[in-house]
Amino acid sequence: MIKLGKARWGILAALAMSELLVTVDSTVFGLAIPSITQDLRPSLSQLLWMNDVYPLLLAALLLTSGSVSDRFGRKKILLLGFLMFVVNSLFAAWAPTPELLIAARAGTAVGGAMIMPAIMSITRVVFPDRKERTLAIAVLGAVLSIGAALGPLLGGFLLEHFTWHAVFLINVPVIAVATLVVLRFVPESRASGPGGIDVLGSVLSVLGIGCVVLCIKTATSSGFTLNAALLLLGGIVVLGALIVWLRRAPHPLLDLNMFRNRGFSTGVGSAGVAMLAMSGVMFVLEQLFQSVLHYSPMRAGFALLPLLLAIVLSTFVGMLMLRWGHRLLFGVGLGLTSLSLFGSWLALEAGGYLPIAAMMVALGAGIGLTMIAANDAVLTVAHIDHVGSAAATEETTYELGIGVGITVMGGIAFSVYADSLRSIPGISEQTMNAARESASAAVAEAATLPPDLAARLLADSGAAFIDGIQLNGLIGGALVAVVTVAACALMPRHITAEDEAEPRHEDDLQAPVKSSSD
């Protein structure tokens, strides 16, 4: 019998540190781009790949790595992910050319894709007690929000006091500590009948999800062009082929029967919608703070803290509310998210930062409640043999939700902005067309104009961008309201585990994982 005792909380700390790194790494790189550009002189194409290769590969590889961890051992895959992450971080820190930096970022993404599903599946193994596992999930959910907030702040601090190399080197000591804890305390676990690797399913999932993510990235930077449409069509076709294959494969990459469970499917879908709302709002608010309210990048990062702190606090409140049932928690969380999006119209009409901060607190509370309900539902209903695949499915939905939120909600805001920004007498149409590209472009164009015309352009562009955010909030609020009704209709009041069977442990660790009382 494996007795982890209080060591399980140390394991949770190590897992949380690992999750924090992967989350921060996905947000901190953008701040380092200007410094990297000065040193390495990348082309525009190379610059885009430096930024996009990490989220692209991370999302595309999650399902495969989750399935592999179930079959070969979650601890092994986590440690291999640590190794990939730290080695490629070192390569990235000292990459002498843009090509090598892109390759290092790709390797880091592979490591991150191994780490994320293993974290959630090991949490299920280390915390077999439902109440303790709910607390552990709350901690990990809060860490995700902290990582989103810490990325820009940490990046700004490191770049202000050190060179861009420090953005990558900060990963090394944290991974070293986490590796020692995992090696010493985490038991190995895997599926009881792992079977073979679904090679064709893995290839189809990487190609299909990769096409969808690349479509999102293309649409974000260039609009929904023919290339973006072809990528989306290709992704849909490949993912359709994947579904057909998964129904026939002897050892499928993903057990589609999980989606027949209303708790699992509602949890996965709600998690994606929550990430869509959060990322879309954060994206447009970052533009608002910097290009309309003229905050510095660091001040803009701090201005988003009410949203992120509300997510952290409401995650733990949601843990306590779970006793009243998952249906109630989903309804309150998604409902509050919807109301806050509608409320963005009033907040922007009122003007000033405080109404916006109040809206962000309500939105953060709704997202935090939704995410704790979703995470608990997914890990509870997933069979212990497939918990890695289940966690990877939810995390893939996170990544796609983030991409879609930025693309769709950002696209709505910028489209309304461009249509609302009318010509101004005394300013050439060429300048106005350039200003219509974005609110930040209007700020750049205003710097070339006389003071009176510059002030007029800034005022009009600010009002136009606020119009875009307000319509954005109304459409987003309506979308989440529909999802709220659907979730409450589908979700049972309480979710119970379908299979409490424990995982198989290798060699002499055959007994179920049990935690001793503290």
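A cavity, as I use the word in this notebook, is a set of grid points where a 1.4 Å probe fits but cannot get out. I keep in mind throughout that the model I am reading is a predicted one.

**Entry 1: the cavities**

I first looked up how many cavities there are, and I found three of 30 Å³ or more. The largest has a volume of about 70 Å³, while the second largest holds about 50 Å³ of space.

I then asked which residues line the largest cavity. I noted Val 281, Val 284, Leu 285, Leu 341, Ser 344, Met 359, Met 409, Ile 469, Asn 472 and Gly 473. When I sorted this lining by class, I had seven nonpolar residues, three polar ones and no charged ones. Helix H10 (262-292), H13 and H18 each supply at least two residues of this lining.

For the second largest cavity I wrote down Glu 19, Met 116, Met 120, Ile 137, Leu 140, Gly 141, Leu 144, Asn 375, Glu 395 and Tyr 398 as the lining. These residues divide into six nonpolar, two polar and two charged. Helix H4 (98-126), helix H5 (130-161) and H15 each supply at least two of the residues, and H5 gives the most, with four.

**Entry 2: a pocket**

I turned next to the second largest pocket, which has a volume of about 350 Å³. Its lining is made of 14 residues, and those nearest the centre of the pocket are Leu 63, Ile 209, Leu 239, Leu 254 and Phe 259. The elements that give two or more residues to this lining are helix H9 (226-248) and H15. By class I recorded 11 nonpolar residues, three polar ones and no charged ones for the pocket.

**Entry 3: helix H13**

I wanted to know what span the 25 residues of helix H13 should have. At 1.5 Å a residue, H13 (residues 326-350) should span 36 Å, and I found its end C-alpha atoms 35 Å apart, which agrees with that expectation. I also noted a kink of about 35° in H13, centred on Gly 343. Just after H13 comes Gly 351, for which I wrote down a positive phi of about 80°.

**Entry 4: aromatic rings**

I looked up the aromatic pairs and found that the structure holds eight of them. In the pair of Phe 289 and Tyr 295, the ring centres are 5.4 Å apart and the planes stand at 10°, so I listed this pair as stacked, since planes under 30 degrees apart count as stacked. Both Phe 289 and Tyr 295 are buried.

Phe 414 and Phe 465 also form an aromatic pair, which I listed as tilted, with 5.5 Å from centre to centre and 45° between the planes. Phe 414 lies in helix H15 (residues 387-420) and Phe 465 in helix H18 (residues 451-490), so this pair ties together parts that are 51 residues apart in sequence. I then asked whether Phe 414 and Phe 465 are buried or exposed, and I found that both are buried.

As a last note, I recorded that Phe 414 and Phe 465 join Phe 283 and Tyr 417 in one aromatic cluster.

Technical notes. Residues are numbered from 1 along each chain as its sequence is written. This is a predicted model: local features need pLDDT of at least 70, side-chain atom pairs count only at pLDDT 80 or more; totals for chains, interfaces and linings use all residues. Side-chain values use heavy atoms; hydrogens and water are left out. The expected span of a helix is 1.5 Å times one less than its number of residues. The bend at a residue is the angle between axes fitted to the seven residues ending there and the seven starting there. Rings of Phe, Tyr and Trp (its six-membered ring) pair if their centres lie within 6.5 Å; planes under 30 degrees apart count as stacked, over 60 as edge-to-face and the rest as tilted. Buried means under 20% relative accessible area, exposed over 50%, partly exposed in between (1.4 Å probe, protein chains only). On a 1 Å grid over the protein atoms alone, a cavity is a set of points where a 1.4 Å probe fits but cannot get out, and a pocket is an open set with protein on both sides within 12 Å along at least five of seven lines; lining residues have an atom within 4 Å of a point. Grid points are joined across faces, edges and corners, and a volume is the space filled by probe spheres set on the points. Ala, Val, Leu, Ile, Met, Phe, Trp, Tyr, Cys and Pro count as nonpolar, Asp, Glu, Lys and Arg as charged, and the others, Gly among them, as polar.
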